[in-house]
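Colleague: Before we discuss the binding site, could you put the model in front of us?

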Amino acid sequence: MKPSVLIIDDSKTVRQQVSKILENAALSGSVFEAHDGIEGYKMMRDNHPDLILCDIQMPKMDGVEVLEAARKIKPEIPFIMISGHGDLDTAVDTMRKGAFDYISKPPDLNRLLTTVRNALDRKDLVVENKNLKKKVSKNYEMIGESHEIGIIKDMIEKVAPTDARVLITGSNGTGKELVAHWLHEKSQRASAPFIEVNCAAIPSELIESELFGHVKGAFTSAVKDRAGKFETANKGTIFLDEIGDMSLSAQAKVLRALQENKISRVGSDKDIKVDVRVLAATNKDLKKEIEEGRFREDLYHRLAVILIQVPSLNERRDDIPLLLRHFSNHIAAEQGTAPKPFSQKAIALLQGYDWTGNVRELRNVVERLIILGGKEISEEDVKLFASK
Ligand SMILES: Nc1ncnc2c1ncn2[C@@H]1O[C@H](COP(=O)(O)OP(=O)(O)OP(=O)(O)O)[C@@H](O)[C@H]1O
Ligand SMILES: [Mg+2]
């Protein structure tokens with residue numbers, strides 16, 4: 001399909017010149033024209049053109065304002081600024097504000113066509129990348145239509161766009177990590193890094209350097225300067241997984257980072273400012289850990305601005321049929337085989353199980369059934385291969 005182009009210029013002559021050039025080169029499908037910035041903004045919003053050519057000096061709303069407003073709602077639409085005499089500096093500056101390029105008045109045929117072609121190519125690329133990103137998110141699909149999972153999804157929608165710290169709790173395999181990924185992907189920080197730290201897996205004497213980095217010579221094995229996870233996550237999200245397993249001394253250091261939004265590398269007293277959103281998760285009962293002196297209460301309150309409690313699978317058995325189908329499809333796709341359906345009786349039996357390992361356990365059971373069971377997973381298969 002031919003791309004649509006919006007030309008925003010208060011001069012009718014320029015609009016006609018540009019539109020004629022595009023038409024003759026058969027570059028555009030439809031051309032919309034707007035005679036000032038405000039009209040241009042509205043047409044951009046309502047018609048979603050593939051490309052915008054926009055004059056800089058215009059009454060009411062100038063080209064820079066249109067560009068800035070458009071970047072907020074439709075950042076993928078490329079802008080080519082049309083610059084008159086005397087606003088070349090502004091034109092150059094618009095590129096820093098996100099314009100793709102600029103051309104001078106009166107528009108030169110070749111230069112205009114090259115710029116338009118390049119801008120349209122780039123747009124295809126941006127859209128492709130977006131689709132790619134959606135595919136990544138598919139790995140973190142959250143299956144479930146139960147009331148319980150609905151509450152979690154609603155919370156994610158509300159909380160994700162904010163910078164609030166979130167503590168995610170729930171027992172093993174309930175999907176805490178999944179929730180953390182969603183909070184990041186649905187936030188303004190989605191294109192910045194998501195850095196995961198498994199606090200249980202890092203020995204307590206190494207955790208400070210892991211989180212905050214170190215300078216050369218800070219300890220024997222510190223042979224060169226190294227940035228920590230907080231610095232790497234700058235502008236993005238850090239996910240402190242299994243925070244309940246962090247030692248008390250590491251907790252004290254994390255507390256400082258959260259209080260002051262700055263860190264210092266081990267062996268250095270220079271403060272480094274970081275802009276990081278902090279998410280944490282644990283399967284421990286932190287209230288109990290606090291009572292028993294293993295977790296700092298002040299840190300708890302810093303982390304748990306928002307608390308998301310992921311329900312166990314036993315609390316949302318309605319979702320089990322959906323999850324069975326989802327994992328059956330998923331595992332079959334992984335193995336390059338056809339997905340296996342489950343008989344009604346098999347589903348009912350699995351729905352009655354005590355899923356102490358939650359969704360992870362269910363996934364493992366489906367995998368076992370697909371490998372060992374018949375073409376359709378029967379009640380017998382479940383009894384034989386998934387008994388507990
Ligand atoms: N609602 C869901 N839909 C689809 N898959 C899910 C869902 N919840 C969890 N899973 C899958 O189950 C597995 C376990 O989830 P996850 O790692 O997020 O759990 P967790 O709560 O972090 O577990 P742990 O406490 O053991 O660290 C993952 O493979 C995940 O993709
Ligand atoms: Mg986890």
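**The ligand site and the empty space**

Colleague: This is a predicted model, and I would like to start with the backbone: at what distance from a polar backbone atom of Gly173 does an oxygen atom of ligand 1 lie?

Modeller: Gly173 belongs to the residues listed as closest to ligand 1, and a polar backbone atom of Gly173 takes part in the pair you ask about. A polar backbone atom of Gly175 is likewise paired with a ligand oxygen, at 3.1 Å. For Gly173, the distance to an oxygen atom of ligand 1 is 2.9 Å.

Colleague: Which residue has an N or O atom in its side chain at 2.6 Å from an oxygen atom of ligand 1?

Modeller: Among the 18 residues that surround ligand 1, the closest are Ile143, Gly173, Gly175, Lys176 and Arg360. The contact at 2.6 Å runs from a ligand oxygen to the side chain of Lys176. Taken alone, ligand 1 exposes 630 Å², of which the protein buries 86%. The residue asked for is Lys176.

Colleague: Which element supplies the largest share of the shell around ligand 1?

Modeller: Three helices, H7 (176–185), H13 (320–335) and H15 (358–372), each contribute at least two residues to this shell. By class, the shell divides into six nonpolar, six polar and six charged residues. The largest share, three residues, comes from H7.

Colleague: Where does ligand 1 sit, and what volume does that pocket have?

Modeller: Ligand 1 sits in the largest pocket. The volume of the largest pocket is about 740 Å³. Of the 32 residues lining this pocket, those closest to its centre are Gly173, Gly175, Glu177, Leu178 and Arg360. The place is thus named as the largest pocket, with a volume of about 740 Å³.

Colleague: Which element gives the most to the lining of the largest pocket?

Modeller: Two or more lining residues come from each of helix H6 (147–159), H7, strand E10 (237–241), H13 and H15. The lining as a whole divides into twelve nonpolar, eleven polar and nine charged residues. With five residues, the element that gives the most is H7.

Colleague: Turning to enclosed space, how many nonpolar residues are in the lining of the largest cavity?

Modeller: The structure holds one cavity of 30 Å³ or more, and about 50 Å³ of space lies in the largest cavity. This cavity is lined by Arg165, Phe230, Ala257, Leu258, Asn261, Val274, Val276 and Val278. One residue of the lining is charged and one is polar, while the number of nonpolar residues is six.

Methods: Residues numbered from 1 in each chain as written. Chains lettered and ligands numbered in written order. Predicted model: local features only at pLDDT ≥ 70, side-chain atom pairs only at ≥ 80, totals over all residues. Heavy atoms only, no water. Near = heavy atom within 4 Å. Polar contact = N/O pair within 3.5 Å; in protein donor to acceptor, adjacent residues only side chain to side chain. Areas by Shrake-Rupley, 256 points an atom, 1.4 Å probe, with all protein chains shown as cover. 1 Å grid on protein atoms, 1.4 Å probe; cavity = no way out; pocket = protein on both sides within 12 Å on 5 of 7 lines; lining within 4 Å. Sits in = over half its atoms within 2 Å of the grid points. Helix = DSSP H or I, 4+ residues; strand = E, 2+ residues; numbered from the N terminus. Nonpolar A, V, L, I, M, F, W, Y, C, P; charged D, E, K, R; others polar. Points joined across faces, edges and corners; volume = space filled by probe spheres on them.
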